[in-house]
Amino acid sequence: MTASLRDLHLCFEGMIPAIIATASADGVANVTHLSKVHLVDDEHVALSNQFFSKTVRNLTENPYACVLVVDPTTYVEYRLDLRYERTERRGPVFDRLQRDVEAVAALTGMQGVFKLRSADVYRVVALERHAGPDARDPGA
Amino acid sequence: MEIDDELAAFLQCEGSVIVATVGADGVPSASRAWGLRVLPDRGHVRVQLDAADAPAVADVDAGRSVAVTVTDVFSLRSVQVKGHASTTTRPTAADVLHGDRYRAGFLANIVEVEQVPEDLVLRLVPSDFVVFDMPIAEVFDQTPGPTAGAPLGATP
């Protein structure tokens, strides 16, 4: 890993939707947007589980996911390879995600529709620059 | 499966096009696509990928599962199509024209929605592309909300 997760903190502000790819146990791909990826610590991120059920179902069968996040100030895109580690239904990470979900619901007038079921925590097993200036420069 | 005119038009709406592929080890890869065209039989899509996106290109070339989601950046309506692609090839002249037109439209839409300078968004755009054709095997509503993941039907 050439950059640390904390170097990418702007990618986790929710300014630009992220992308998550997962696969079922029998190898069927799935891809969707995520409103936000949450930075937990130097090695982990969390995703809110509301009702993206196919993604969640895939991750119960196959714990690997690939996420693309974009720095909103530079439009450099980063690829995070993730491995599911645990689910939290209370505690500080859950509370932080719940506040975000409620804020988005209030902004969109969809209170009661968007409800946090759990905060799913993933270990970042690889991180690389995926697109943007110098993305293909091995020294970048 | 053959999709209807409305869905074909939506898939070509110059929205965000994102792709998932799967490696031989079952590990998924996420990518952006830079053009999508519904072929005249309305049973296949032709998708443009970053030629330098080695994992995605290799996964497509291996004939494994591919998922493509198109999102209208104004309404957030999203549709996902799935299938197994054939190998990637170089774009034809028609593909180049279509890709240029798609990217100009998509970037204009992003600039309007996000209120960001176009030269900033342009940094995401690759310089070289490959294309692949994918038979549409399944279609799903992927619009954010409780109905995300619901199957959509074929043309009667």
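Reader: What share of the 156 residues in chain B is buried?
Author: Buried residues make up 53% of them. Bear in mind that this is a predicted model.

Reader: Which helices and strands does chain B have, and in what pattern?
Author: Chain B has four helices and seven strands. Along the sequence they follow the pattern α-β-β-β-α-β-β-α-α-β-β.

Reader: How compact is chain B?
Author: Chain B is as compact as a globular protein of its length, because its radius of gyration is 15 Å, close to the 15 Å that the globule rule gives for 156 residues. The C-alpha trace spans about 40 × 30 × 30 Å along its principal axes.

Reader: And the surface of chain B, how much of it belongs to carbon and sulfur atoms?
Author: Carbon and sulfur atoms account for 57% of an accessible surface of about 6,400 Å².

Reader: Back to the inside. Which residues have the most contacts in the largest nonpolar core?
Author: Leu11(B), Leu36(B) and Val68(B), in a core of 42 residues.

Reader: What is Leu36(B) in contact with?
Author: Leaving aside neighbours within four places in sequence, the contacts of Leu36(B) include Leu11(B), Val17(B), Val45(B), Val68(B) and His98(B). Apart from the largest core lies another one of 22 residues, among them Leu8(A), Ile20(A), Leu82(A) and Val124(A).

Reader: New topic. How many aromatic pairs are there over all chains?
Author: Three. In one of them, Tyr84(A) and Tyr122(A) meet edge-to-face, 5.7 Å centre to centre with 70° between the planes.

Reader: Where in chain A do Tyr84(A) and Tyr122(A) sit?
Author: Tyr84(A) is in strand S6 and Tyr122(A) in strand S7, 38 residues apart, and the pair links distant parts of the chain.

Reader: Is Tyr122(A) buried or exposed?
Author: Tyr122(A) is buried, with a relative accessible area of 1%. Tyr84(A) is partly exposed, at 27%.

Reader: What about Tyr102(B) and Phe106(B), how are their rings arranged?
Author: Their centres are 5.7 Å apart and their planes at 5°, so the pair is stacked. Both residues lie in helix H3 of chain B, four residues apart, about one turn of the helix. Both are buried.

Reader: Which residues are in a cluster with them?
Author: Ring pairs link Trp34(B) with Tyr102(B) and Phe106(B).

Reader: Last one, on helix H1 of chain A. Which of its residues are buried?
Author: Lys54(A), Thr55(A), Asn58(A) and Leu59(A). Seen down the axis of H1(A), they fall within an arc of 135°, so they line one face of the helix.

Note on methods
Residues numbered from 1 in each chain as written. Chains lettered and ligands numbered in written order. Predicted model: local features only at pLDDT ≥ 70, side-chain atom pairs only at ≥ 80, totals over all residues. Heavy atoms only, no water. Buried < 20%, exposed > 50% of the residue type's maximum accessible area, 1.4 Å probe, protein only. Helix = DSSP H or I, 4+ residues; strand = E, 2+ residues; numbered from the N terminus. Arc of directions from axis to C-beta. Core = buried A, V, L, I, M, F, W, Y, C linked by side-chain atoms within 4.5 Å. Contact = heavy atoms within 4.5 Å. Rg over C-alpha atoms; globule rule 2.2 N^0.38 Å. Areas by Shrake-Rupley, 256 points an atom, 1.4 Å probe, with all protein chains shown as cover. Phe/Tyr/Trp six-rings, centres within 6.5 Å; stacked < 30°, edge-to-face > 60°.
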